[in-house]
Amino acid sequence: MDVKKLLPVFSYIFHPIFISLYGTLFFFSIAKNFYYAPQIYVTLLQVVIITLLLPLSMYFLFRFLGMLQSFTEASLKERRMPIAIQALLLLLLIKYSISKEVFTELYYFFLGGFISAVLVLAVVLLKFKASLHMMGISALTAFIFGLCKYYELDYSYSVGICIICMGAVASSRLYKKAHNPIELVAGIAIGFLPQILLFSYWL
């Protein structure tokens, strides 16, 4: 199998739009015994609608209006509106859907995601193109590490897989010439740091 042909697949699998769902699924996979089934299903449905279906609908609208050309390769100008909308949707999610008292870990995961979205929007306005893919997968990696530590699970396997995926995504972005190394590192920092700094509130 040609590895170079496989690399672009990681840009789709770990597109930022899917990261919220991945984090939620991992959270409930290890914390499901603490919640009723209806709580889990309703929360998953809210996450799917707010972080996946609504952004996808906006993407197709922007494509129709000629405001966006690609699902994985957006210019600086094209990034502004989708990132702003994603930040707004995450804010709505943590304000009205994810209770800090009920879903504490998940609440801070989405709060970290909101902070990352605001930061990456700020750097876009400063005409710097930090990697959204690396921002998303690094935030997910930090969250998975925190959950494993909080629930006293062996994190070497889960985090190890995440790190391998981070490498694959970074290689994919470089292969497609979507980013340079500095933009990848910036994306990692923007995704990783808010999650780590919020550990003190729940870990």
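Which residues are buried in α7? I started there. The model is predicted, and I kept that in mind throughout.

**Entry 1: helix α7**

I listed the buried positions of α7. They are Ser 158, Val 159, Cys 162, Cys 165, Met 166, Ala 168, Val 169, Ala 170, Ser 172 and Arg 173. I noted the arginine at the end of that list: Arg 173 is buried. An α-helix has 3.6 residues a turn, so residues three or four places apart point the same way.

I then looked up the length of α7. The helix has 21 residues and reaches 30 Å from its first C-alpha to its last. That is close to the 30 Å expected at 1.5 Å a residue. Just after α7, I found Lys 177 with a positive phi of about 55 degrees.

**Entry 2: the largest pocket**

I turned to the largest pocket, which holds about 170 Å³ of space. Which residues line the largest pocket? I wrote down Phe 14, Tyr 22, Phe 26, Ile 137, Leu 140, Ile 144, Ser 158, Ile 161, Cys 162 and Cys 165. By class, I get 9 nonpolar, 1 polar and no charged residues in this lining.

Next I asked about the helices. α2 (16–31), α6 (132–150) and α7 (155–175) each supply at least two residues of the lining. α7 gives the most, with 4 residues. Ser 158, Cys 162 and Cys 165 are among the lining residues, and these three are also on the buried list of α7.

**Entry 3: helix α2**

I checked the span of α2. At 1.5 Å a residue, its 16 residues should span 22 Å. The end C-alpha atoms are 23 Å apart, which agrees.

I also took down its buried residues. They are Pro 16, Ile 17, Ile 19, Ser 20, Leu 21, Gly 23, Thr 24, Phe 26, Phe 27, Phe 28 and Ala 31. Phe 26 appears here as buried and also lines the largest pocket. What do the buried residues of α2 pack against? I found α3 (37–65), α4 (76–96), α5, α6 and α7.

I picked Ser 20 in α2 for a closer look. Ser 20 is buried, with a relative accessible area of 9%. I set aside its neighbours within four places in sequence. Ser 20 is then in contact with Val 47, Thr 51, Leu 90, Phe 109 and Phe 110.

**Entry 4: aromatic pairs**

I searched the whole structure and got 20 aromatic pairs. I looked at Tyr 59 and Phe 60. Their ring centres are 5.2 Å apart and their planes stand at 65 degrees, so the pair is edge-to-face. Is each ring residue buried or exposed? Tyr 59 counts as buried at 10% relative accessibility. Phe 60 counts as exposed at 55%.

I then took Tyr 150 and Tyr 151. This aromatic pair is edge-to-face too, with 5.0 Å centre to centre and 80 degrees between the planes. Tyr 150 counts as partly exposed, at 39% relative accessibility.

Tyr 150 and Tyr 151 belong to one aromatic cluster. The other members I noted are Phe 34, Phe 109, Phe 110, Phe 143, Phe 145, Tyr 155, Phe 199 and Trp 202. Phe 109 and Phe 110 had already come up as contacts of Ser 20.

**Entry 5: loops with positive phi**

I looked for positive phi outside glycine. Lys 127 has a phi near 65 degrees. I placed Lys 127 in the loop between α5 and α6. Its relative accessible area is 62%, so Lys 127 is exposed.

Glu 152 has a positive phi of about 55 degrees, although it is not a glycine. Glu 152 sits in the loop between α6 and α7. Its relative accessible area is 74%, so Glu 152 is exposed.

**Entry 6: two buried helix positions**

I looked up Val 124, found in helix α5 (residues 104–125). Val 124 counts as buried at 0% relative accessibility. Which residues does Val 124 touch, not counting residues up to four places away in sequence? I found Leu 76, Arg 79, Arg 80 and Ile 83. The C-alpha atoms of Val 124 and Asn 33 are separated by 41 Å, and the two residues are 91 residues apart along the chain.

Last, I checked Gly 136 in helix α6. Gly 136 counts as buried at 7% relative accessibility. Gly 136 and Met 166 are 30 residues apart along the chain, and their C-alpha atoms are separated by 9.7 Å. Met 166 is on the buried list of α7.

Note on methods. Residues are numbered from 1 along each chain as its sequence is written. This is a predicted model: local features need pLDDT of at least 70, side-chain atom pairs count only at pLDDT 80 or more; totals for chains, interfaces and linings use all residues. Side-chain values use heavy atoms; hydrogens and water are left out. Rings of Phe, Tyr and Trp (its six-membered ring) pair if their centres lie within 6.5 Å; planes under 30 degrees apart count as stacked, over 60 as edge-to-face and the rest as tilted. Buried means under 20% relative accessible area, exposed over 50%, partly exposed in between (1.4 Å probe, protein chains only). On a 1 Å grid over the protein atoms alone, a cavity is a set of points where a 1.4 Å probe fits but cannot get out, and a pocket is an open set with protein on both sides within 12 Å along at least five of seven lines; lining residues have an atom within 4 Å of a point. Grid points are joined across faces, edges and corners, and a volume is the space filled by probe spheres set on the points. Ala, Val, Leu, Ile, Met, Phe, Trp, Tyr, Cys and Pro count as nonpolar, Asp, Glu, Lys and Arg as charged, and the others, Gly among them, as polar. Contact means heavy atoms within 4.5 Å. The expected span of a helix is 1.5 Å times one less than its number of residues.
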